Amino acid sequence: MSAPGDTPVRQRVFGSARAHREIGSGHRFQWVAPVVLLAFAVALWEMLVRVRDTPRWFFPPPSAVVHEAVTSRSLLWSHTWTTLQEIIVGFSIAVLFGCAVAIAIASSALVRRSLLPIVIATQAVPIIALAPILLIWFGYGMTPKVIVVVLTCFFPIVINLVDGLRAVDVDAVNLLRSMGARRAQILRIVRVPSAVPYLFSGLRIAASVSVIGAIVGEWVGASSGLGYLMTRSAAQFQTARLFAAV
């Protein structure tokens, strides 16, 4: 025998569970359309290349790309591992350095007026223009590629985190100041928690462009990595391997 008020509670519980299942099925369904569209594009690519009898050195079909990826999987993996190392190391350094610079800019008006214009002005210089200089200074090893990744990821992290640290509730800051809180305490209690969504937005952008930075660095000069494999495959007209590397 149910107690009074048990039915509304049960309705709320089972209603929430039903809504959760519907949301979960909706998230699963949202992947169906991109997968179907991608499969259709690949099938159309395969059909057009075969029907038009396009030379494989010019535009290989997907089946040839997959075959090359399987055949050269050890070669592809060795170059992929080099590029991944450059991305991971460069991205990690950019996160640490970018967060430190962003906190310094947001904490001091003098630092903001002095440093922020320089940070913004650095984006006027294309990264690919700096890569040859880094190649001369540091050689063909991993160091110049890591520096390129750091320079590529640094700006979105700094700008987004500065915006987040400055977009704090002024009343909350004034309340803490009236209670005698120091600048470090205000930063820890109010500014940093409110800036977390901005930080993750910057990290998402930086994670995407980190791959670009690594590949660009390898294009300029390298002895291994996916960018190096792409340039070598293009020079040898191994287009299927080039597509596999991409």
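At what angle do the axes of helix α4 and helix α5 cross, and within what distance do they come? In this predicted model, the axes of α4 (residues 73–107) and α5 (residues 109–121) cross at roughly 125° and come within 5 Å. That angle makes α4 oblique to α5, because values of 65 to 115 degrees would count as roughly perpendicular and values over 145 as roughly antiparallel. On the α4 side the residues that meet the partner helix are V101, A104, I105, A106 and S107; on the α5 side they are A109, V111, R112, L115 and L116. Sorted by class, the contact of α4 with α5 has 8 nonpolar, 1 polar and 1 charged residues.

The helices just described belong to a protein chain whose secondary structure comes to 11 helices and 0 strands. Read along the sequence, the chain accordingly shows the pattern α-α-α-α-α-α-α-α-α-α-α. Of the 246 residues in the protein chain, 32% are buried. Among contacts between residues at least 6 apart in sequence, 68% join residues at least 24 apart.

Helix packing in the model was examined further for two other pairs. Two packed helices are described by the angle between their axes and the distance between the axes. Helix α5 also packs with helix α7 (residues 143–166), at an angle of about 140° and with the axes 10 Å apart. This makes α5 oblique to α7, since only angles over 145 degrees count as roughly antiparallel. The crossing of α5 and α7 is left-handed. The contact is made by R112, L116, V119 and I120 of α5 together with F154, F155, V158, I159 and R166 of α7. By class, the residues of this contact divide into 7 nonpolar, no polar and 2 charged. R112 and L116 are listed both in the contact of α5 with α4 and in the contact of α5 with α7.

Further along the chain, helix α9 (residues 183–220) packs with helix α10 (residues 226–235) at an angle of about 50°, with their axes 7 Å apart. The two helices are therefore oblique to each other, as angles under 35 degrees would be needed for a roughly parallel pair. The crossing of α9 and α10 is right-handed. Helix α9 contributes I215, E218 and W219 to the contact, and helix α10 contributes L226, G227, Y228, M230 and T231. The residues of the contact of α9 with α10 divide into 5 nonpolar, 2 polar and 1 charged.

Two charged residues in helices were considered individually. E46 lies in helix α2. With a relative accessible area of 16%, E46 is buried, because this value is under 20%. The side chains of E46 and R50 are joined by a polar contact of 2.5 Å. Leaving aside neighbours within four places in sequence, E46 is in contact with P61, P62 and S63.

R241 is placed in helix α11 (residues 239–245). R241 has a relative accessible area of 18% and so is buried, the limit being under 20%. A polar contact of 3.5 Å joins the side chain of R241 to that of S72. Apart from neighbours within four places in sequence, the residues in contact with R241 are E68, S72, L75, L229 and S233.

Backbone geometry was also considered at two loop positions. Most residues other than glycine have a negative phi, and most peptide bonds are trans. D53, although not a glycine, has a positive phi of about 55°. D53 is found in the loop between α2 (32–51) and α3 (62–71). Its relative accessibility is 63%, so D53 counts as exposed, a class that begins over 50%.

F237 lies in the loop between α10 and α11. The phi of F237 is near 55°, a positive value in a residue other than glycine. At 56% relative accessibility, F237 counts as exposed, because the value is over 50%. The C-alpha atoms of F237 and W57 are 5.9 Å apart in space, whereas the two residues are 180 residues apart in sequence.

How values were computed: Residues numbered from 1 in each chain as written. Predicted model: local features only at pLDDT ≥ 70, side-chain atom pairs only at ≥ 80, totals over all residues. Heavy atoms only, no water. Axes fitted to C-alpha atoms, helices over the stretch in contact; angles between N-to-C directions. Helix = DSSP H or I, 4+ residues; strand = E, 2+ residues; numbered from the N terminus. Left-handed = near helix turned anticlockwise from the far one by under 90°. Contact = heavy atoms within 4.5 Å. Nonpolar A, V, L, I, M, F, W, Y, C, P; charged D, E, K, R; others polar. Buried < 20%, exposed > 50% of the residue type's maximum accessible area, 1.4 Å probe, protein only. Polar contact = N/O pair within 3.5 Å; in protein donor to acceptor, adjacent residues only side chain to side chain.
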